[in-house]
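Dear colleague,

Please find the structure enclosed below, together with its sequence. I should be grateful if you would read the notes beneath with the structure open.

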Amino acid sequence: MHLSESVLASLPTGITIPAYDRASITPGVVHLGVGAFHRAHQAVFIDDCLARGETEWGIVAASMRSVDTRDALAPQDNLYTYSERDGRSETLRVIGSIIEILVAPENPARLIERLCDPRVRIVTLTVTEKGYLANLPDRSLLLDHPDIRYDLVHGDKPRTIHGVLTEATRRRRQEGGVPLTLLSCDNIPSNGKVLKTLLVQFAQQGDPDLANYIDQNLSCPCVMVDRIVPATTDTDRTAVEQGLGVTDAWPVVAEPYFRWVIEDNFPHGRPALEASGVEFVDDVEPYEHMKLRMLNGAHTAIAAIGQITGLATVADVYGNPHVKRFIDCYWRELEPTLSAAVSGGEYVAGLRQRFANPALQHRSVQIASDASQKVPQRILAPLGELIGEKKEHRAVLMALALWIRSCAQKDENGQIIVIRDPVFNGWPPVDQNSLTAEEVIDRFISFDGVFGAEWGANSDFATELVDAYRAIKTHGALGAIELIV
Ligand code: CS2
């Protein structure tokens, strides 16, 4: 027996189920990128809104690539379990806010049709950094990318978010509908502004008038999202099944902590998410800086240490006292780069608990994936500020060196390092053992996808990075971090 509408009433007591009639929910949000993060974050808060009687905000979720989530949830009436774990106990809740799941490549026309439904007013996105098909630091679209080139000539069956959103905007405008409000929920600084800039660049290629319309009419509020959501494992499935008494093909597991801070710019309406603790502010930048630098930057450093030493999860790596001291030093260095509008100290105190949560099993390899797309905003941007202001930065610099070492073929135990980073595909792998430290650093700094020209021109920076990298090669990752704290 598996999870579905028909078993909801007989689930064990203590499990929260949708407190509303799902048949009466109408679509108001289209989500692009239906991964675990969306299902443990935005979909949960929309579920709250539906339960409070705001029935017009049901989610039509689209996967931009894989059929997996749709296939797993279709037999379950798109219901799934949200398992919240604080390290001591687990609570289970069945989420009903997703009313339809589409697979974009299978049926792009249907996705566009859904986006053109006049009842739909908001599009949320979690497509990861690489889904923007851009050089993110300078906000330029990869116009030579095969999928972008395809979409520029196949407007009616697009493959990219840019093709999809531009075509939907063109049709809504033609049909006299209101423009969509676009909410990028990816870990990119100024995500709303970046998305809009890229869409305008895309539209300018074929339809400058539409590009102008997008620029003038689409609202793309910036957003900060925060909740740790590891990929679901078979062990999680078994644990959830034991709690539910029926199987769930794809539950999601997350920590209790969450934060969702949004610029309040919704000209055509929005659900009353504030009732669930979502914050609406005028300027998200202080929050996103804090989160990207303190949480995500530290995550990338921890994941690199995990990849180099063979420690599998964040809790394993962070459980090492050398790492704890190093990450404390990392946070101390970054604190002066944060705005006074946010409380960095309080956030860090929370992070110490969150990183130690043993129930999450958040794997180093998951966080290390696509790191070349993450390092610029998480580590390089604050490092540039610290260097520019001549402030202490040895731990932040070490994090960068750790990432470089983690891109080697083998870890410190001689095991192959799994590197999931498609951006490296077109780049010759660096055999770190046959090159000197200077040569390795030189190869990395000349990788434009991560480092801009200004880094290449800074010879002091290169020398410091060589020293940090050499310390890792000589003393091992744990030895090198201990030397600098
Ligand atoms: C992580 C994030 O995988 C990663 O890169 O740093 O997914 C992180 O867990 C979330 O941003 C937390 O909000």
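The notes below take up a bent helix, a pocket and two cavities.

This is a predicted model, in which local features need pLDDT of at least 70 and side-chain atom pairs count only at pLDDT 80 or more, while totals for chains, interfaces and linings use all residues. Residues are numbered from 1 along each chain as its sequence is written, and side-chain values use heavy atoms, with hydrogens and water left out.

**The bent helix**

Helices (H or I, at least four residues) and strands (E, at least two) are DSSP runs, numbered from the N terminus. Helix H19 covers residues 459-484 and spans only 21 Å between its end C-alpha atoms, whereas a straight helix of 26 residues would span 38 Å at 1.5 Å a residue. That expected span is 1.5 Å times one less than the number of residues. H19 bends by about 120 degrees at His 475; the bend is the angle between axes fitted to the seven residues ending there and the seven starting there.

**The second largest pocket**

On a 1 Å grid over the protein atoms alone, a pocket is an open set of points with protein on both sides within 12 Å along at least five of seven lines, a cavity is a set where a 1.4 Å probe fits but cannot get out, and lining residues have an atom within 4 Å of a point. Grid points are joined across faces, edges and corners, and a volume is the space filled by probe spheres set on the points.

The second largest pocket has a volume of about 510 Å³. Its lining has 25 residues, and the closest to its centre are Leu 136, Pro 137, Pro 376, Gln 377 and Ala 381. Helices H10 (285-309), H15 (371-388) and H18 (453-456) each supply at least two lining residues.

**The cavities**

There are four cavities of 30 Å³ or more. The largest has a volume of about 110 Å³. Among its 16 lining residues, Gln 307, Ala 368, Ala 371, Trp 403 and Ser 406 lie nearest the centre. H10 gives the most to this lining, with four residues.

The second largest cavity holds about 80 Å³ of space. Its lining includes His 38, Gln 42, Thr 124 and Trp 260. Helix H2 (42-51), strand E6 (122-125) and strand E12 (259-263) are the elements that give two or more residues to this lining.

Yours sincerely
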